[in-house]
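Reader: I should like to learn how to read the features of a protein model, one at a time. May we begin with the backbone and then proceed to the side chains?

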Amino acid sequence: MKKIVLFAIGLVASATTIAQDKIETTIGADIVNQYIWRGQDLGNVSLQPTLGVSYKGFGLTAWGSVGLTDSNDTKEFDLTASYTTGGLNIGITDYWFNDGLDPENRYFKYDAHGTNHVFEATVGYDFGVLSAAWYTNFAGNDGVNKDGKRAYSSYFEVSAPFSLSGVAWTATAGIVPWATTSYATTGFAVTNLSLKAEKDIQITDKFSLPVFGQVVGNPCSGKAYLVFGFTLQP
């Protein structure tokens with residue numbers, strides 16, 4: 001699910017709550033063969049749980065990731081507050097990683113020069129045939145630019161969903177507009193080109209398993225990945 005998917009979850013859950021005018025709860029977890037985020041390799045086999053609530057367009061979501069095969073993989077815990085009205089989505093995410101400026105990995109340390117938290121603002125719009133979103137780090141353990149100053153690291157992404165052979169597909173293109181150590185870029189760079197397929201596999205009459213596969217290329221780093229995962233949900 002991760003941060004990009006959090007945006008999609010916000011759109012789906014909020015649209016439902018506006019229509020039904022009641023609190024909606026999201027519970028689930030992905031298991032993936034590798035943790036790839038915005039074209040970056042962040043770990044091997046991982047468990048990624050999600051817990052969220054939404055009401056009348058407002059959403060609060062908790063998301064995490066922990067490696068299952070490598071103890072050195074990044075542990076992550078993110079909190080996102082969002083609001084959706086029509087196709088417009090805005091939000092703020094607090095990312096926390098178990099590595100960074102604070103060697104003791106303390107969650108409740110928010111010191112500007114010693115925290116492992118990164119704070120990101122998001123604005124996006126779903127046009128139906130495609131969606132676009134802009135993300136910018138505005139506080140916390142952000143990357144730096146060529147001058148060694150806070151980069152206000154940003155990422156822009158466009159996604160287009162379509163259906164083919166009974167399978168839901170999504171094509172995505174993402175760019176980093178300027179230099180930042182957060183994305184290992186030295187200037188404008190295309191960091192994420194991906195194609196994702198999702199389908200529910202019917203296991204029994206009452207239970208189906210959502211599975212997904214994704215090909216991801218990062219032209220900036222010259223690397224490519226093949227991701228497979230499935231979702232556990234009530």
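Author: Let us begin with a loop residue. N105 is placed in the loop between β7 and β8 (117–126). Please bear in mind throughout that this is a predicted model.

Reader: What is the sign of phi at N105, a residue that is not a glycine?

Author: The general idea comes first. Most residues other than glycine have a negative phi. In this structure N105 has a positive phi of about 55°, although it is not a glycine. N105 is partly exposed, its relative accessible area being 30%. Y152 can be read in the same manner: Y152 is not a glycine, and its phi is positive, about 45°. Y152 is located in the loop between β9 and β10 (154–164), and with a relative accessible area of 43% it is partly exposed.

Reader: Does a side chain pair with Y152? Rather, let me put it properly: which residue lies over the face of Y152?

Author: Here one looks for a charged group placed over an aromatic ring. R150 lies over the face of Y152, at 5.7 Å from the ring centre. A further case is K196, whose charged end sits over the ring of F212, 4.7 Å from its centre.

Reader: With which residue does D142 form a salt bridge?

Author: A salt bridge is read from the distance between a side-chain nitrogen and a carboxyl oxygen, which must be within 4 Å. D142 forms its salt bridge with R150, the closest N and O atoms being 3.9 Å apart. D142 is buried, at 10% relative accessible area, whereas R150 counts as partly exposed, at 30%.

Reader: How many salt bridges does a search of the whole structure find?

Author: The search finds five. One of the pairs is R38 with E120, whose side chains meet at 3.0 Å, N to O. R38 belongs to the loop between β2 and β3 (40–43) and E120 to strand β8, so this pair ties together parts that are 82 residues apart in sequence. Both R38 and E120 are buried. Another pair is E104 with R106, at 3.5 Å, N to O. E104 is exposed, with a relative accessible area of 57%, and R106 is partly exposed, at 37%. Salt bridges may also form networks, and one such network links D102, E104 and R106.

Reader: Is H117 buried or exposed?

Author: The cut-off for burial is a relative accessible area under 20%. At 0% relative accessibility, H117 counts as buried. H117 lies in strand β8, and its side chain reaches the backbone oxygen of Y107 at 2.4 Å. Leaving out residues up to four places away in sequence, H117 touches several others, including D94, W96 and G140.

Reader: What, then, is the arrangement of the rings of Y107 and F108?

Author: To read a pair of rings, one considers the distance between centres and the angle between planes; over 60 degrees is edge-to-face. The count here comes to 16 aromatic pairs. The rings of Y107 and F108 have centres 5.0 Å apart and planes at 80°, so the pair is edge-to-face. Y107 is buried, at 18% relative accessible area, while F108 counts as exposed, at 72%.

Reader: Which residues make up the largest nonpolar core?

Author: A core is read as a set of buried nonpolar residues joined through their side chains. The largest one has eleven residues: Y35, W37, W63, Y95, F97, V118, A133, Y135, Y155, V176 and Y183. Strands β2, β7 (88–97) and β9 (131–140) each supply at least two residues of this core. An aromatic cluster is formed by W37, Y95, F97, Y135, Y155 and Y183.

Reader: Where is Q34 found, and which backbone oxygen does its side chain reach?

Author: Q34 is found in the loop between β1 (24–32) and β2 (35–37), and it counts as buried, at 18% relative accessibility. Its side chain reaches the backbone oxygen of L226 at 2.8 Å. Beyond its neighbours within four places in sequence, Q34 is in contact with G43, N44, V45, Y225, L226 and V227.

Reader: With which side chain does D30 make a polar contact?

Author: The side chain of D30 makes a polar contact with that of T231, at 2.5 Å. D30 lies in strand β1 and is buried, with a relative accessible area of 3%.

Notes: Residues are numbered from 1 along each chain as its sequence is written. This is a predicted model: local features need pLDDT of at least 70, side-chain atom pairs count only at pLDDT 80 or more; totals for chains, interfaces and linings use all residues. Side-chain values use heavy atoms; hydrogens and water are left out. Helices (H or I, at least four residues) and strands (E, at least two) are DSSP runs, numbered from the N terminus. Buried means under 20% relative accessible area, exposed over 50%, partly exposed in between (1.4 Å probe, protein chains only). A polar contact is a pair of N or O atoms within 3.5 Å; within protein, one must be able to donate a hydrogen and the other to accept it, and residues adjacent in sequence count only if both atoms are side-chain atoms. Contact means heavy atoms within 4.5 Å. A nonpolar core is a set of buried Ala, Val, Leu, Ile, Met, Phe, Trp, Tyr and Cys residues joined through side-chain atoms within 4.5 Å. Rings of Phe, Tyr and Trp (its six-membered ring) pair if their centres lie within 6.5 Å; planes under 30 degrees apart count as stacked, over 60 as edge-to-face and the rest as tilted. A charge sits over a ring if NZ of Lys or CZ of Arg is within 6 Å of the ring centre and within 35 degrees of the ring normal.
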